Amino acid sequence: MPSTPTIKVIIADDHAILREGLKQILAETEDIEVIADAKNAAEAIKLAGTKGLDVLVLDISLPDRSGIEACNIIKKERSRVSVLMLSMHREDAYAIRALRAGASGYLSKQSASDQLVTAIRTVAKGKKYISEEVALALADQVDGGLEKPIHDSLSNREFQTLTMIASGQSVGEIADNLSLSVKTVSMYRARLLEKLNLRHNSDLTHYAIKNNLID
């Protein structure tokens, strides 16, 4: 019988220890091969064009831009590549946004040791991989069973600005990290305050903590 084709994987995460840990998990399989790794979104976007790549395991929180934004870019340029989003964040807070950006799956880092191999094999087949919690959140959106949180209405850039402000970054630091002008980031901040009906950065931080949007 013919052998099963090897699934080619690239891991993108800014923490070297985590990258090595994920590599060790995948090294125990016979059908998955890690062919490269990246420490930021720019490297991940570049490596997404690697010939033969099947799955990109992409951290949602990267230093230069969010994994969601990177996923959106990658799927537009490399639609064949399956993206498995990896995050420390609570699944129902970020998963739907990641799936909307084109991700094929969403996995919390806490579950990676148990579910990573299954998740990669699933998305490599062109299927979606989501947890029971994410499935319930999706069902609630379809059914209208639960009222959507206000932050679900934010654009990806507004949402990213919210989490960066809540993590203690200034408008200038955010502008530098995202390669945007201070004026543009200030505009996103103003939109955030208006949409969330808040007044100060401290209010944004409190909102993000209350809704489990930051670690």
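Before I begin, when I say that two residues are in contact, I mean that they have heavy atoms within 4.5 Å of each other. Please also keep in mind that what we are looking at is a predicted model.

Let me start with the chain as a whole, whose secondary structure comes to 10 helices and five strands. For 215 residues a compact globule would have a radius of gyration near 17 Å, and because the chain has 18 Å, the two values agree. Along the principal axes, the C-alpha trace spans about 65 × 40 × 30 Å. Of the contacts between residues at least 6 apart in sequence, 63% join residues that are at least 24 apart.

Turning to the interior, 45% of the 215 residues count as buried, and the largest nonpolar core has 46 residues, with Leu58, Met85 and Leu162 making the most contacts inside it. Helix 7, residues 156-166, gives this core its largest share, which is five residues.

What does Leu58 touch, once we leave aside its neighbours within four places in sequence? Leu58 is in contact with Ala12, Ala44, Gly67, Ala70 and Cys71, and also with Val83, Leu84, Met85 and Leu86. Apart from the largest core lies another one, of 18 residues, including Ala119, Ile120, Val123 and Tyr129.

Finally, the surface: the accessible area of the chain comes to about 11300 Å², and 50% of that belongs to carbon and sulfur atoms. As for charge, the chain has 27 positive and 29 negative charges, and the mean positions of the two sets are 7 Å apart.

Terms used
Residues numbered from 1 in each chain as written. Predicted model: local features only at pLDDT ≥ 70, side-chain atom pairs only at ≥ 80, totals over all residues. Heavy atoms only, no water. Helix = DSSP H or I, 4+ residues; strand = E, 2+ residues; numbered from the N terminus. Rg over C-alpha atoms; globule rule 2.2 N^0.38 Å. Buried < 20%, exposed > 50% of the residue type's maximum accessible area, 1.4 Å probe, protein only. Areas by Shrake-Rupley, 256 points an atom, 1.4 Å probe, with all protein chains shown as cover. Lys, Arg positive; Asp, Glu negative; His and termini not counted. Charge placed at Lys NZ, Arg CZ, Asp CG, Glu CD. Core = buried A, V, L, I, M, F, W, Y, C linked by side-chain atoms within 4.5 Å.
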